[in-house]
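Here are a few exercises to work through with the model open on your screen. Try each task before you read its solution.

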Amino acid sequence: MTSYISISQDLTPKLQQTGNEKRYCFTIAQSREIAKLLELGKYNDSLVSSLSLANQRFQLLIQKKDSIISFQSDKLENHARVQQNNDKTIFLLEERLARQERKVKRGKLQKILLGVSLVVLGTLVISK
């Protein structure tokens with residue numbers, strides 16, 4: 001950006017054309033007068049509109065951030081439920097496995113007792 005300094009002899013600013021852009025050049029006295037008017041509140045409509053636009057953008061950003069936070073908290077809750085369901089499933093499978101192991105042990109014990117009783121019965125039958 002190139003800086004242009006031009007001095008206007010009357011109270012209106014000097015207009016300079018740079019490429020496709022128009023630039024207004026003020027004297028130091030005119031610049032001071034404009035600064036005073038801005039401080040007193042005149043010509044604040046452009047500032048108000050730019051600040052309101054910035055405020056709207058900020059509000060949209062806050063809404064987006066809140067929606068992301070809400071989505072993340074829902075995702076976290078769902079993950080916790082999935083973890084809880086996995087823990088329950090593992091617990092139930094462990095219980096089922098323990099029951100099956102007890103049945104297998106009982107079946108082995110019954111087979112051993114049946115075998116021993118058959119041997120004893122067989123020896124008794126043979127001895128008589």
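**Exercise 1.** Find the helix that holds leucine 38, and decide whether leucine 38 is buried, partly exposed or exposed.

*Solution.* Start with the location: leucine 38 sits in helix 1, which spans residues 28-40. Keep in mind that this is a predicted model. Next, take the relative accessibility of leucine 38, which is 36%. Buried means under 20% and exposed means over 50%, so leucine 38, at 36%, is partly exposed.

**Exercise 2.** Work out which residues make up the nonpolar patch on the surface, and which helices contribute to this patch.

*Solution.* First list the members: Leu15, Tyr24, Phe26, Ile34, Leu38, Leu47 and Leu51. Together they offer about 660 Å² of accessible area. Then look at the helices: helix 1 and helix 2 each provide at least two residues of the patch. Leu38 can join because patch residues need over 30% relative accessible area, and leucine 38 has 36%.

**Exercise 3.** Track down the salt bridge and say how exposed its two partners are.

*Solution.* The count is one salt bridge. Its partners are arginine 23 and glutamate 21, with their closest N and O atoms 3.2 Å apart. That pair qualifies because the cut-off is 4 Å. Now check exposure: arginine 23 has a relative accessible area of 23%, so it is partly exposed. Glutamate 21 comes out at 46%, which makes that residue partly exposed too.

**Exercise 4.** Where does positive charge gather on the surface, and where does arginine 99 lie?

*Solution.* Look for Arg96, Arg99, Arg102, Lys103 and Arg106, which form a positive patch on the surface. Arginine 99 belongs to helix 2, residues 45-127. With a relative accessible area of 45%, arginine 99 is partly exposed.

**Exercise 5.** Now zoom out: what is the order of elements in the chain, and what share of residues is buried?

*Solution.* Count the elements: two helices and two strands. Reading from the N terminus, the order is β-β-α-α. Of the 128 residues, 6% are buried. For the surface, the accessible total is about 12100 Å², with 62% of it from carbon and sulfur atoms. Finally, among contacts with a separation of 6 or more, 0% link residues 24 or more positions apart.

Conventions: Residues numbered from 1 in each chain as written. Predicted model: local features only at pLDDT ≥ 70, side-chain atom pairs only at ≥ 80, totals over all residues. Heavy atoms only, no water. Patch = residues over 30% accessible without salt bridge, like charges linked within 9 Å, V, L, I, M, F, W, Y side chains within 5 Å. Areas by Shrake-Rupley, 256 points an atom, 1.4 Å probe, with all protein chains shown as cover. Salt bridge = Lys/Arg side-chain N within 4 Å of Asp/Glu carboxyl O. Lys, Arg positive; Asp, Glu negative; His and termini not counted. Charge placed at Lys NZ, Arg CZ, Asp CG, Glu CD. Helix = DSSP H or I, 4+ residues; strand = E, 2+ residues; numbered from the N terminus. Buried < 20%, exposed > 50% of the residue type's maximum accessible area, 1.4 Å probe, protein only. Contact = heavy atoms within 4.5 Å.
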